[in-house]
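Here are my notes on the model you sent, set out as numbered points. Please read them with the structure open beside you.

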Amino acid sequence: MNRIKLITFDLDDTFWDISPVIIKAELSTRDFIEKHIGKQEWGSMSDFLSYRQDLISQDPSFEWDIKALRKKIYENKIQSTDLSDDKKISLTNECYEFFLKLRHDVNFYDGVYMAIERLSKNYSLGVLTNGNADIFSFEIGKFFDFSISSVDVKSNKPDKAHFVEAKNKYKDLRYEEIVHIGDHPVNDVVGASNLGINPIWFNGNDKDWPEGSISEPIQFNDWNKVTKLIEEHYE
Ligand SMILES: [Mg+2]
């Protein structure tokens, strides 16, 4: 068995439940915009998602640059006002900063902090995220050696770029010496597995393994169990 040297982690839905955070941040940011430019029509959530998809088809880089995508959405709203161009730009930036602050208002799952603190004593730790949360803005960030987000590598997991970039941070590190932990069957588990990285599935809702393309991975549903799980399988 290979000795593990590096463990990488997904963030959203792996360290915290992201959906309520994004919904609250989204709605609060709409209120913030309306305070500046008056009442707006936002449509339903599915309208909003298809609008995002339209923007992505116009500019495919929005797929991995969600900061630019989000700013574009605010910019388009603000464009219709008679504010000066300078004011439109500064308000767009303020909206994004307002959103980003609320987007970090997350509740870590029970046991994450202790698990990460313990694992950091034996392994290098890194973050691989398709989202735009910054692990270093949290106290737990002090246990991590690096963080790679989609904008850094211009692609999203399950593409290999996040994983390759992580491996290349260490001279002579091999994929077999990496464990990647994440909630997403394809983006995290299959993506890592494709390169020979050892995947661990955070299956917080006790779902059945949905992917036929690879066999059911090692999994856990409680962060208080993860250090033992890694000891059992990789030490
Ligand atoms: Mg995730």
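**Notes on the predicted model**

1. In helix H5, which spans residues 112–122, the residues Ala115, Ile116 and Leu119 are buried. These residues lie on the same side of H5, because they cover an arc of only 95 degrees around the axis. Their packing partners are strand E1 (6–9), strand E2 (124–129) and helix H9 (226–234). Please bear in mind, here and in every point below, that this is a predicted model.

2. Strand E1, one of the elements against which the buried residues of H5 pack, contains Thr8. Is Thr8 buried or exposed? Thr8 has 28 other C-beta atoms within 10 Å, and since 20 or more count as buried, Thr8 is a buried residue. Setting aside residues up to four places away in sequence, Thr8 touches Gly126, Val127 and Leu128, and also Ala166, Ile178 and His180. By contrast with this list of contacts, a C-alpha to C-alpha distance of 15 Å separates Thr8 from Asp134, a residue 126 places away in sequence.

3. Helix H1 (residues 19–37) packs with helix H4 (residues 85–103) at an angle of about 150 degrees, and their axes are 9 Å apart. Angles over 145 degrees count as roughly antiparallel, and H1 and H4 are therefore roughly antiparallel to each other. The crossing of these two helices, H1 and H4, is right-handed. On the H1 side the contact is made by Val21, Ile22, Lys24, Ala25, Ser28, Thr29, Phe32, Ile33 and His36, and on the H4 side by Leu91, Cys95, Phe98, Phe99, Leu102 and Arg103. Sorted by character, the residues of the contact of H1 with H4 comprise 10 nonpolar, three polar and two charged.

4. H4 also packs with helix H3 (residues 66–79), here at an angle of about 130 degrees and with the axes 9 Å apart. How are H3 and H4 oriented to each other? They are oblique to each other, because an angle of about 130 degrees falls outside the ranges that count as roughly parallel, roughly antiparallel or roughly perpendicular. The crossing of H3 with H4 is right-handed. From H3, the residues Lys67, Arg70, Lys71, Tyr74, Glu75, Ile78 and Gln79 meet Lys88, Leu91, Thr92, Cys95, Tyr96 and Phe99 of H4. The residues of this contact of H3 with H4 divide into six nonpolar, two polar and five charged.

5. Phe62 is placed in the loop between helix H2 (45–58) and H3. Although it belongs to a loop, Phe62 is buried, with 20 other C-beta atoms within 10 Å. Apart from neighbours within four places in sequence, the residues in contact with Phe62 are Leu55, Ile56, Ala68, Leu69 and Lys72. Phe62 and Lys154 are 92 residues apart along the chain, while their C-alpha atoms are separated by 9.7 Å.

6. The peptide bond from Lys157 to Pro158 deserves a look, as it is cis in the model, with omega near 15 degrees. Pro158 lies in the loop between helix H6 (150–153) and helix H7 (161–167). Both Lys157 and Pro158 are touched by Gly191, as are Phe163 and Val186, when residues up to four places away in sequence are not counted. Gly191 itself lies in helix H8 (residues 185–194) and is buried, with 25 other C-beta atoms within 10 Å. A C-alpha separation of 26 Å is found between Gly191 and Asp54, which are 137 residues apart along the chain.

7. Two aspartates should be checked for their backbone angles. Asp172, a residue other than glycine, has a positive phi near 65 degrees, and lies in the loop between H7 and strand E4 (178–182). Asp206 is likewise not a glycine, and its phi is positive at about 50 degrees; its place is in the loop between strand E5 (198–202) and strand E6 (218–220). Are these residues buried or exposed? Asp172 is exposed, with 7 other C-beta atoms within 10 Å, and Asp206 is exposed as well, with 7 other C-beta atoms within 10 Å.

Methods
Residues numbered from 1 in each chain as written. Predicted model: local features only at pLDDT ≥ 70, side-chain atom pairs only at ≥ 80, totals over all residues. Buried ≥ 20, exposed ≤ 12 C-beta atoms within 10 Å, placed from the backbone. Helix = DSSP H or I, 4+ residues; strand = E, 2+ residues; numbered from the N terminus. Arc of directions from axis to C-beta. Contact = placed C-beta atoms within 7 Å. Axes fitted to C-alpha atoms, helices over the stretch in contact; angles between N-to-C directions. Parallel < 35°, antiparallel > 145°, perpendicular 65-115°, else oblique. Left-handed = near helix turned anticlockwise from the far one by under 90°. Nonpolar A, V, L, I, M, F, W, Y, C, P; charged D, E, K, R; others polar.
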